[in-house]
Amino acid sequence: MRITRFTAFTAAITIALLTPGLAQAAPVPLSGSTEVTVESTDDVVPQAKPTVPTLSAIVKHYRLPTSSNPHFVTAASDGNVWFTVDGAFDPVTFNTPGSVARVTPRGTITEFAVCDTCLTNDIVQGPDGILYVSDNDGQLRRITTSGEVLSSISPCGGFFCSPLDGLAADSTSIWFADFFNNRVGRFNVFAAPGENPFTFVDATGVGDVAVAPDGTVWFTGESAIGEIDPAVDPTVGVVSTTPISAEGRGITVAPNGTVWVTEIFADLIARLTPSPSGTHALAEFPTPVDATPLDIDAAPDGNVWFTQNLRGNVARITQAGVVTEASKAIDFADPKRPDPIGITIAANGQPWYSESLIDKVANVQLR
C-alpha cells in the first residue's frame with residue numbers, strides 16, 4: 001500500500017516507476033526532533049472538466065521539517081495524528097533512521113526516530129496506549145504519544161518475516177499482516193509473563209487488516225477479502241473469503257460494520273456487507289479513471305475516505321457508493337504532484353493524509 005511496502009509490491013513497482021526523483025531531506029540528529037507549522041492553504045476549486053463532483057472544502061498542507069516521503073497515518077488518543085516517514089540522513093552516525101511524525105490539529109509537526117536504519121510502514125495505537133509501527137525489518141516498533149521510544153517487538157521467531165505490513169488494533173491486541181509468510185499475526189499486549197503473546201492465522205497474500213466493531217478481523221488478500229473470527233480456534237484459520245474483481249489494497253470497517261476495500265489497479269472501491277449466515281453481499285463502485293485508490297478509512301458519520309494516488313487527491317464515498325473528490329485532481333505530468341498514500345480520520349472527523357512526493361501532510365476541512 002505504500003511505495004516501500006512489500007504487500008503492495010506490484011503496486012510499489014508501478015508507482016515507483018511512475019514517480020522518479022523523490023525529494024532529498026535535510027540532515028537531522030538521530031535523537032532530535034523538530035517542529036514546523038502550517039505552510040499553505042488551498043481553497044478547493046472545481047476541475048474544468050470534472051468526472052465526479054467536488055466537495056465544498058478547504059485542504060490545508062503542512063511540510064515536514066526534515067524527513068521525507070510520508071506514508072501511513074493514524075489518529076491517536078492524544079488528539080494528534082501520527083505518520084510514518086522516511087528519516088533524514090544523519091551525517092554523524094551515517095544512518096538514515098526510520099521515523100514517525102506527530103502532527104497537531106493546528107499543523108505543528110514533531111519528528112521522532114524509532115530505529116537506526118529501518119523503513120517504517122504502517123502505524124496504529126494499541127489498547128495499551130502505545131503506538132505500534134511495522135517496519136521492513138520484521139519488527140513492531142513502539143513509541144509513546146509523548147515521544148518516548150520503547151523496545152521493539154519481534155514476532156518472527158524462527159521465521160523470516162521482513163517486512164511486516166498493515167496493522168490494526170482491538171481491545172487486547174495488535175493485528176498485523178505478515179505477507180512473506182502468508183499469515184495474519186496477533187500480538188496480545190496484555191499476555192501474562194511466560195505466555196506466548198503471538199498467534200497466527202494462515203492468509204494468502206495478506207496486505208492490510210482491519211477490526212470491525214464486533215471484533216471480527218478482515219483483511220485484503222490477493223483478489224479477495226478475508227474474514228477471521230478471533231473466537232474461533234486459530235488453527236481453523238480464515239472463516240470466509242469473498243472474491244473481488246482485482247487485488248485489494250487498503251481496508252477499513254465503517255461504524256455500521258460494512259467493510260470497504262480499495263482495488264488499486266481496477267479503480268474500484270469494494271463494499272462488503274457481512275451476513276451472519278451465508279454469503280456476504282459485495283458491491284463494487286468505480287472511482288475516476290486512473291485514480292489509483294490506495295489507502296482508505298471510515299469516518300464516524302458512515303462516509304468513507306480514500307487516497308487517489310495518481311490523481312493526487314482524496315475522495316469520499318457514501319454508503320450508497322456516491323463518490324465526490326475533496327479537491328481538484330493534479331495532472332500526472334505536474335512535477336509537484338503529491339502522490340497521496342495513507343489516510344486517517346481525526347477525532348474531529350477531518351481526514352488527514354500523506355503527500356509522499358512533496359514531503360507534506362494535509363487535512364480536509366469541509367465547509
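Is A315 buried or exposed? A315 is buried, with a relative accessible area of 0%. Keep that residue in mind, since we'll come back to it. One thing to know before we look around: this is a predicted model.

**The whole chain**

Let's start with the big picture. The protein chain has 367 residues, and 57% of them count as buried. If you trace the backbone, you'll meet one helix and 30 strands. The chain exposes about 14,300 Å², and carbon and sulfur atoms supply 54% of that area. Now take the contacts in the chain with a separation of 6 or more: residues 24 or more positions apart account for 49% of them.

How confident is the predictor? The pLDDT averages 86 over the protein chain, and 85% of the residues score at least 70. Over residues 1–50, though, the pLDDT is below 50, and this stretch has 144 contacts in the model beyond near neighbours in sequence.

**The sheet around A315**

Back to our opening residue. A315 sits in strand 26, which covers residues 313–317. That strand belongs to an open sheet of four strands, ordered 24-25-26-27, with antiparallel pairing. Strand 24 (293–298) and strand 27 (323–325) stand at the edges with a single partner strand each, so one side of each has no neighbour in the sheet. On average, neighbouring strands here are turned by 25° against each other, direction ignored.

What holds strands together in a sheet? Strands pair through backbone hydrogen bonds, and they can do so in a parallel or an antiparallel way. Strand 26 and strand 27 pair in the antiparallel sense, over three bridges. Find A315 and look across: E325 in strand 27 stands opposite.

Which residues does A315 touch, leaving aside its neighbours within four places in sequence? The list is V304, W305, F306, Q308, V323, T324, E325 and A326. There is also a long jump in sequence to spot: A315 and T54 are 261 residues apart along the chain, while their C-alpha atoms are 8.7 Å apart in space.

**Another four-strand sheet**

Strands 20-21-22-23, in that order, form an open sheet with antiparallel pairing. Its edge strands are strand 20 (251–253) and strand 23 (281–286), each pairing on one side only. Neighbouring strands of this sheet are turned by 20° against each other on average, direction ignored. Inside it, six bridges join strand 22 (residues 268–273) to strand 23, and the two run antiparallel. One pair to look for is L272 with its bridge partner L282 in strand 23.

**A buried strand and its hairpin**

Now move to strand 8 (residues 120–125). Why call it largely enclosed by the rest of the structure? Because six of its six residues are buried. Strand 8 pairs with strand 9 (residues 131–135) in the antiparallel sense, over four bridges. In that pairing, Q125 has L131 in strand 9 as its bridge partner. The two strands form a hairpin with five residues between them, and G129 in the turn has a positive phi of about 85°.

Here is how the three strand pairs line up:

| Strand pair | Sense | Bridges |
|---|---|---|
| Strand 8 and strand 9 | antiparallel | four bridges |
| Strand 22 and strand 23 | antiparallel | six bridges |
| Strand 26 and strand 27 | antiparallel | three bridges |

**The nonpolar core**

The largest nonpolar core has 14 residues, and those touching the most other members are Y132, L140, L167, I174, F176 and F187. Take L140 as an example. Leaving aside its neighbours within four places in sequence, L140 is in contact with V133, S134, S152, I153, L164, L167 and F176.

**Two residues with a positive phi**

Most residues other than glycine have a negative phi. F94 goes the other way, with a positive phi near 60°. Where is F94? Look in the loop between strand 5 (81–86) and strand 6 (98–103). F94 counts as exposed, at 62% relative accessibility, because the cut-off for exposed is over 50%.

D290 is another case: its phi is positive, about 60°, although it is not a glycine. D290 also has its place in a loop, between strand 23 and strand 24. At 52% relative accessibility, D290 counts as exposed. Set that against A315, which is buried at 0% relative accessible area.

Terms used:
Residues numbered from 1 in each chain as written. Predicted model: local features only at pLDDT ≥ 70, side-chain atom pairs only at ≥ 80, totals over all residues. Heavy atoms only, no water. Pairing = 2+ DSSP bridges. Axes fitted to C-alpha atoms, helices over the stretch in contact; angles between N-to-C directions. Core = buried A, V, L, I, M, F, W, Y, C linked by side-chain atoms within 4.5 Å. Buried < 20%, exposed > 50% of the residue type's maximum accessible area, 1.4 Å probe, protein only. Contact = heavy atoms within 4.5 Å. pLDDT = per-residue confidence, 0-100. Areas by Shrake-Rupley, 256 points an atom, 1.4 Å probe, with all protein chains shown as cover.
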